[in-house]
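Me: Hi! I have a protein structure open on my screen and would like to understand it one step at a time. Could we go through it together?

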Amino acid sequence: MARKTRGRTTLGVIVGNRGFFPGHLCETGRAEIVRILEEEGIDAVLLDVGATKHGAVMTLDDAKLCGNLFKANRDRIDGILVTLPNFGDEKAVANTIRYSGLDVPVLVHAFADDIGKMGIQDRRDSFCGKMSVCNNLKQYGIPFTLTTLHTVKPDSAGFRADLQRFAATCRVVKSLRGARLGSIGARPASFNTVRYSEKLLERSGITIETLDLSEVFGRANKRKEGDPEVRRKLEEIAAYVNVKGFPKDNLVRMASLGVVVEEWMDDNDLSGTALQCWTSMEEYFGIVPCTVMSMLSSSLIPSACEVDITGLVGMYALQEASGRPSALLDWNNNYGDDPDKGVVFHCSNLPKEVFEEIHMDYHEILSGTVGRENTLGTIQGRIKASPFTYCSIATDDLNGGIAAYTGEGIFTRDPLLTFGGYGVVQVPKFQKLLRYICENGFEHHVSSNMSKVADSIEEALGKYMGWKTHRHGESEDYE
């Protein structure tokens with residue numbers, strides 16, 4: 001399957017203006033914002049400079065004009081940037097968003113004054129105007145995101161970082177609200193931990209399509225080694241990981257499984273899958289699906305084991321925020337006596353990008369019960385040292401909502417010799433996080449990504465998806 005490509009983020013831009021403040025600042029500010037967005041790889045939809053005074057929004061008619069422009073581009077716009085080169089008109093900004101009919105993330109930005117230009121001709125007062133805009137957005141029930149600094153120059157590293165974080169938030173929200181995900185097989189019978197509510201996910205815009213393993217096995221068994229699609233998949237597997245010395249029959253079954261899963265995903269327009277990886281797969285089909293799943297995740301088509309659909313949602317959110325493959329792991333072991341370190345593990349189906357190096361092997365845990373010859377296909381190795389973001393999502397069926405937690409840590413180089421896909425993590429106040437997981441009924445699985453995107457995940461899931469979201473690592477976690 002071809003690697004998924006990500007298009008550019010598009011923001012609708014509202015340039016605020018207030019009539020008795022310096023108007024020339026709006027024209028120059030508008031031009032600077034457009035330039036910065038282009039340099040950061042973000043497309044913009046905004047009024048032409050001649051459409052209104054200075055191409056800004058100040059009156060009710062301006063708000064209608066800009067709102068209609070956004071409405072006409074609703075399929076393109078991922079989020080809205082409100083920028084205030086001067087104080088701005090707070091009602092016009094709020095009315096523009098209301099007229100647009102868009103329900104997307106909103107970033108509020110205010111230009112910083114130059115202390116040497118505080119005369120009547122050049123003073124912005126955006127510092128004050130931003131508060132008025134936020135006040136009105138709050139009254140209108142429009143959620144919004146703030147820049148790190150209250151006022152900030154557009155051509156600064158800080159604002160550029162704010163833009164990229166906001167773009168990541170927009171991508172997560174857009175992707176989740178229209179996500180179509182696949183559930184292949186029933187959850188392992190002993191894994192009550194991966195129970196979830198399809199209805200609660202559907203209420204958030206996430207659709208789950210299901211496929212029984214009997215259909216998978218039936219379709220795959222009809223595929224033969226000479227099938228062109230099977231040959232293609234065999235070549236892809238060999239290019240992904242060294243397969244020399246392994247039985248050809250097992251590899252053909254692996255390739256057939258990959259073809260069947262990809263065709264089903266294409267037919268149903270799916271962005272990711274969660275699959276029953278044990279033990280029916282080994283007993284009745286004779287392989288583990290880990291290699292196929294690893295290759296999917298590596299292609300930015302996340303694949304979660306043990307039919308963990310909410311784990312898949314977490315993988316997908318992290319991937320959309322970062323543009324990098326995600327993995328699903330177990331919070332699995334303590335690491336000696338260090339309270340802020342632990343061992344994460346899976347058997348594994350992790351994407352190869354997270355490893356120092358990889359090799360294919362037989363499933364160490366299942367070999368003793370289903371026969372070693374039926375367990376070829378795990379992708380094993382040590383996870384490389386890197387910062388990472390973690391995320392876990394659960395449907396709270398008893399309270400009728402969705403809950404999540406997120407935070408950041410690092411994969412370390414601490415010594416460890418074991419099997420599967422594994423790594424040592426260091427998370428500030430790790431014991432407090434573990435206590436939160438247990439007390440709030442989250443499962444042992446956690447989605448992870450080699451990136452630092454917890455800010456974007458927190459905003460996307462909490463502020464815009466409306467899920468109860470806990471951010472570990474903020475100031476209250478260090479008290």
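Here are some questions about this predicted model, each followed by a short answer.

Me: How many helices and strands does the chain have?
Reply: Happy to start there! This is a predicted model, and its secondary structure can be counted by type. The chain has 15 helices and 18 strands.

Me: Is the chain as compact as a globular protein of its length, or not, and what is its radius of gyration?
Reply: The globule rule gives 23 Å for 479 residues. The value for this chain is close to that, so the chain is as compact as a globular protein of that length. Its radius of gyration is 25 Å.

Me: What percentage of the residues is buried?
Reply: A residue counts as buried when its relative accessible area is under 20%. Applied to the 479 residues of the chain, this gives a buried share of 58%.

Me: How do helix α8 and helix α9 pack: roughly parallel or roughly perpendicular?
Reply: Two packed helices are described by the angle between their axes and the distance between the axes. Helix α8 covers residues 228–240 and helix α9 covers residues 248–268; their axes are 8 Å apart, at an angle of about 110°. Angles of 65 to 115 degrees count as roughly perpendicular. That makes the packing of α8 against α9 roughly perpendicular.

Me: What kinds of residues form the contact of α8 with α9?
Reply: On the α8 side, the residues include V230, L234 and I237, and on the α9 side they include L251, V252 and M254. Charged residues take part too, among them E229 and K233 in α8 and E262 in α9. The full division is eight nonpolar, two polar and six charged.

Me: Is S448 buried or exposed?
Reply: S448 sits in strand β17, which runs over residues 445–449. Leaving aside neighbours within four places in sequence, S448 is in contact with L318, S326, A327, L329, F388, T389 and Y390. Its relative accessibility is 6%, and the cut-off is under 20%. So S448 counts as buried.

Me: Which residue does a cis peptide bond join to W278?
Reply: Most peptide bonds are trans, which makes a cis one worth a look. Here omega is about -5°. The partner is found in the loop between β8 (272–275) and α10 (280–285). The residue joined to W278 is T279.

Me: And where is S348, which has a cis peptide bond from C347?
Reply: The bond from C347 to S348 has omega near 20°. As for its place, S348 is found in the loop between β11 (341–346) and β12 (359–362).

Me: L300 and K429 both have a positive phi; is each of them buried or partly exposed?
Reply: Most residues other than glycine have a negative phi. L300 has a phi of about 65° and lies in the loop between α11 and β9, while K429 has a phi near 55° and lies in the loop between β16 and α14. The relative accessible area of L300 is 8%, and that of K429 is 35%. So L300 is buried, and K429 is partly exposed.

Me: What separates the C-alpha atoms of V104 and L328?
Reply: V104 lies in the loop between α3 (90–100) and β4 (106–110), and its contacts include I77, R177 and Y464. Along the chain, V104 and L328 are 224 residues apart. Their C-alpha atoms are separated by 28 Å.

How values were computed: Residues numbered from 1 in each chain as written. Predicted model: local features only at pLDDT ≥ 70, side-chain atom pairs only at ≥ 80, totals over all residues. Heavy atoms only, no water. Axes fitted to C-alpha atoms, helices over the stretch in contact; angles between N-to-C directions. Helix = DSSP H or I, 4+ residues; strand = E, 2+ residues; numbered from the N terminus. Parallel < 35°, antiparallel > 145°, perpendicular 65-115°, else oblique. Contact = heavy atoms within 4.5 Å. Rg over C-alpha atoms; globule rule 2.2 N^0.38 Å. Buried < 20%, exposed > 50% of the residue type's maximum accessible area, 1.4 Å probe, protein only.
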